[in-house]
Amino acid sequence: SNLVAVIAQQAWFIVRIGWFRQPGLRLADGQAMDIIAWLKHSAWRAQGEPFEQSVWLPNQDAAFRLVARAIPEQAAEEVRRRLRKEATKKGRTIDERSLIAAGFVLLLTNLPTSSYPALQILELYRFRWQIELYFKRLKSLTGLDQLRAKDPDLALTYLYGKLLGALFLDHMVGHLRSYYPTWFISQHQPLSLWRLTNLLWQHICSLIRGSILP
């Protein structure tokens with residue numbers, strides 16, 4: 001699996017998992033990890049704080065960390081509403097365990113406990129959304145995912161060029177955000193990061209293309 005490949009490279013990871021897609025998690029005694037029973041047993045003691053359990057993966061000697069935290073009840077009910085709606089649409093009976101798991105964020109990681117407590121693991125995972133938004137901007141505004149080449153070497157050169165442009169663009173965005181912070185906090189008409197990125201990218205492209213006028 002992809003996770004096994006990451007482990008083989010001795011890399012750190014934080015991934016979100018579902019109770020029904022758990023990658024063969026086991027406890028120290030070799031018994032299969034019952035995630036739902038663990039959530040039900042541990043959540044009431046945690047009282048809203050994160051809690052964790054050491055688990056093992058198949059064919060892996062080292063222990064990993066299963067970290068969980070209950071989400072606000074209103075958010076959990078919204079997730080459950082969507083699950084029920086989807087199940088009804090497909091003519092299925094929803095598994096009660098899915099409704100229980102819907103009330104939690106469930107993460108698997110190999111980051112060390114000594115340096116990364118459970119709360120920090122959850123905070124780090126929240127950055128994932130910002131990373132996804134960043135790549136969404138790059139794909140939508142700069143066409144990062146569009147490679148106008150079929151030859152592998154040429155495609156790689158094309159991609160490197162786009163990444164260099166993205167780095168330059170990121171530098172310009174950061175520069176303007178630090179020098180003109182009021183642009184983004186204006187109560188009247190704040191400048192969105194998306195719009196600024198688009199304006200700067202168009203400026204970069206015009207500089208590269210140059211002018212057709214003498």
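Student: Why does F104 count as buried in this predicted model?

Tutor: Look at the relative accessibility: F104 comes out at 12%. Buried means under 20%, so F104 makes the cut. F51 gets the label too, because its value is 10% and the limit is 20%.

Student: What makes the pair of F51 and F104 edge-to-face?

Tutor: Two numbers settle that. The ring centres are 6.3 Å apart, and rings pair within 6.5 Å, so F51 and F104 qualify as a pair. Their planes sit at 85°, and over 60 degrees counts as edge-to-face, so that's the name it gets.

Student: How do you know that this pair links distant parts of the chain?

Tutor: Check where each ring lives. F51 is in strand β2 (residues 51-55) and F104 is in strand β4 (residues 104-109), 53 residues apart. W38 joins in as well: W38, F51 and F104 form one aromatic cluster.

Student: Why is the pair of Y180 and W183 called stacked?

Tutor: Here the planes are at 10°, and anything under 30 degrees counts as stacked. The centres are 4.5 Å apart, within the 6.5 Å limit, so Y180 and W183 are a stacked pair. In total, the structure holds five aromatic pairs.

Student: Are Y180 and W183 buried, exposed or partly exposed, and what makes them so?

Tutor: Y180 has a relative accessible area of 40%, and W183 has 35%. Buried stops at 20% and exposed starts over 50%, so both residues land in between, as partly exposed.

Student: How do you know that the charged end of R177 sits over the ring of F184?

Tutor: One part of the test is distance. The charged end of R177 is 5.5 Å from the ring centre of F184, and the cut-off is within 6 Å. The test also asks for an angle within 35 degrees of the ring normal, and R177 is listed as sitting over the ring.

Student: What makes the span of helix α5 close to the expected one?

Tutor: α5 (residues 118-142) has 25 residues and reaches 37 Å from its first C-alpha to its last. At 1.5 Å a residue, 36 Å is expected.

Student: Which elements cover the buried residues of α5?

Tutor: Those buried residues include A118, I121, L122 and Y125. Among the elements covering them are β1 (14-16), β3 (64-70), α6 (152-179) and α8 (193-209). Right after α5 comes G143, with a positive phi near 65°.

Definitions and conventions. Residues numbered from 1 in each chain as written. Predicted model: local features only at pLDDT ≥ 70, side-chain atom pairs only at ≥ 80, totals over all residues. Heavy atoms only, no water. Phe/Tyr/Trp six-rings, centres within 6.5 Å; stacked < 30°, edge-to-face > 60°. Helix = DSSP H or I, 4+ residues; strand = E, 2+ residues; numbered from the N terminus. Buried < 20%, exposed > 50% of the residue type's maximum accessible area, 1.4 Å probe, protein only. Expected span 1.5 Å × (residues − 1). Contact = heavy atoms within 4.5 Å.
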